Amino acid sequence: MTSSSATTVLGRRPSPASALSTLGLFAFVVVAWSLNWVVIKVAVREITPLWAVAIRTVLAILVLFPALLATGHLVRPPRADLPVVLVIALFHMVAFAALMTVGMTFVPASRAIVLGYTTPLWVAPAAFLFLGERITTRQAIGIAIGLFGLLLLLGPSGLDWGSPAALYGNGLLLLAALSWSVSLVYTRGHRWTATPLQLMPWQCLLASSVLVGLALLVDGAPSPRMSASVLIALAYNGVIGTALGFWAMTVVSRRLPAAKASLGLLATPVLGIGLSAVFLGEGLDPVLVLSAFAILAGVALGIAF
C-alpha cells in the first residue's frame, strides 16, 4: 500500500509539518547524492579508486551501527534476508561502486553520472526475464527513448572510439550500471523480513571487508598522507552521501509513493551535471546534455504512473 492510499484509508492527510519534513529530507537526498559524484572525483585525484570506495564504506559503518543501536533498530539480519544482504553488498556496494569509481578516473564526472543513471533501463527487461514481470507499452517506449540517448552518447559525436582510455572508462561505467540493476531486480523479488535500513550496516560491513581486501591485493596499503580536500571528500562521501543519504531516502520512501520518489530522484543527475560543471570545470557538452535528457526522459516515462 502506498503512503497516499494509506492516508485515504485512515481518513486523513499528512500534516503540513510532516509534508515539509519529507520535502526537506528529499531535497537533502538529491543534493547529497548529486555532490557525491563531485567529491568522488576529488578523492580519486590522490588515492586509488578502490581505497576511496573502501574508506567511504568503512566510514558509513562507523555511523550506521551506533545510530541504529542508539535508536533501537540494530538487529541481526534474519536468515531469510541473508541472500539480499549478500546481493546488495556484492553487486551494489562493491561492484557498482568500484567499477563506477575506477571508470571516473578515465571520464568526466558528468558523463559518469549519465551512464550511471542508465541502470533503470536495464531493470525492466531483466525483471521480465527473471521475475516474469510484464513490460508495458509505456515502459517499452521509455526504454527505446533511453537507449536512443545512450547510443547518442556512445556514438562518434559523443565518444572518441580511437581512445583506449575512453573505451575502457565507458565500458566500466556501463558494467557498473548493469551491476546495480542486478541488485535492484533481486531486491524487487525479495520478501523482506527486516527493513532495508536495518540491513544496511551489515551490507556495508560485508562490502567493506571485500573492498579492503581488494584494495590491499591490487593497490597495497594506502598512503598515510592525504590532503585536507581528500579527507573532507571521503568524510562527506561516507557520512553524508552514504549513511545519512540512505537513511533519509528510506524515510522518504516510506512516506511517498514509489513513482513520486523515483521521479524526484531524477533531479539528482541533473543537479550532479551542473555541480560538475561548476566545481570541476567540466563544462556542458551539448551531446552529453541531449543524451542525458533522452535517458532521463526514458526513465521517467518507464516509472511514471
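Which residues have the most contacts inside the largest nonpolar core?

1. In this predicted model, the residues with the most contacts inside the largest nonpolar core are W37, M100, M104, A112, V114 and M249. That core has 52 residues. Helix 2, residues 16-43, gives the most to this core, contributing eleven residues.

2. A second core, separate from the largest one, has 21 residues. Its members include L64, M93, A98 and C204.

3. V114 deserves a separate remark. Leaving aside neighbours within four places in sequence, V114 is in contact with L153, I273, L288, A292 and I295. Among these partners, L288, A292 and I295 are buried residues of helix 13.

4. Helix 13 covers residues 286-303 and has 18 residues. At 1.5 Å a residue it should span 26 Å, and its end C-alpha atoms are 26 Å apart, so the expected span and the model agree. The buried residues of helix 13 are V287, L288, S291, A292, A294, I295, L296, G298, V299, A300 and G302.

5. As to the overall fold, the secondary structure comes to 13 helices and zero strands. The radius of gyration is 19 Å, close to the 19 Å that the globule rule gives for 305 residues, so the protein is as compact as a globular protein of that length. Along its principal axes, the C-alpha trace spans about 60 × 45 × 40 Å.

6. Buried residues account for 47% of the 305 residues. Of the contacts between residues at least 6 apart in sequence, 90% join residues at least 24 apart. The protein exposes about 14,900 Å², of which carbon and sulfur atoms supply 72%.

Note on methods. Residues are numbered from 1 along each chain as its sequence is written. This is a predicted model: local features need pLDDT of at least 70, side-chain atom pairs count only at pLDDT 80 or more; totals for chains, interfaces and linings use all residues. Side-chain values use heavy atoms; hydrogens and water are left out. A nonpolar core is a set of buried Ala, Val, Leu, Ile, Met, Phe, Trp, Tyr and Cys residues joined through side-chain atoms within 4.5 Å. Buried means under 20% relative accessible area, exposed over 50%, partly exposed in between (1.4 Å probe, protein chains only). Helices (H or I, at least four residues) and strands (E, at least two) are DSSP runs, numbered from the N terminus. Contact means heavy atoms within 4.5 Å. The expected span of a helix is 1.5 Å times one less than its number of residues. The radius of gyration is taken over C-alpha atoms; the globule rule is 2.2 Å times the number of residues to the power 0.38. Accessible areas come from the Shrake-Rupley method with a 1.4 Å probe; for residues, only the protein chains shown count as cover.
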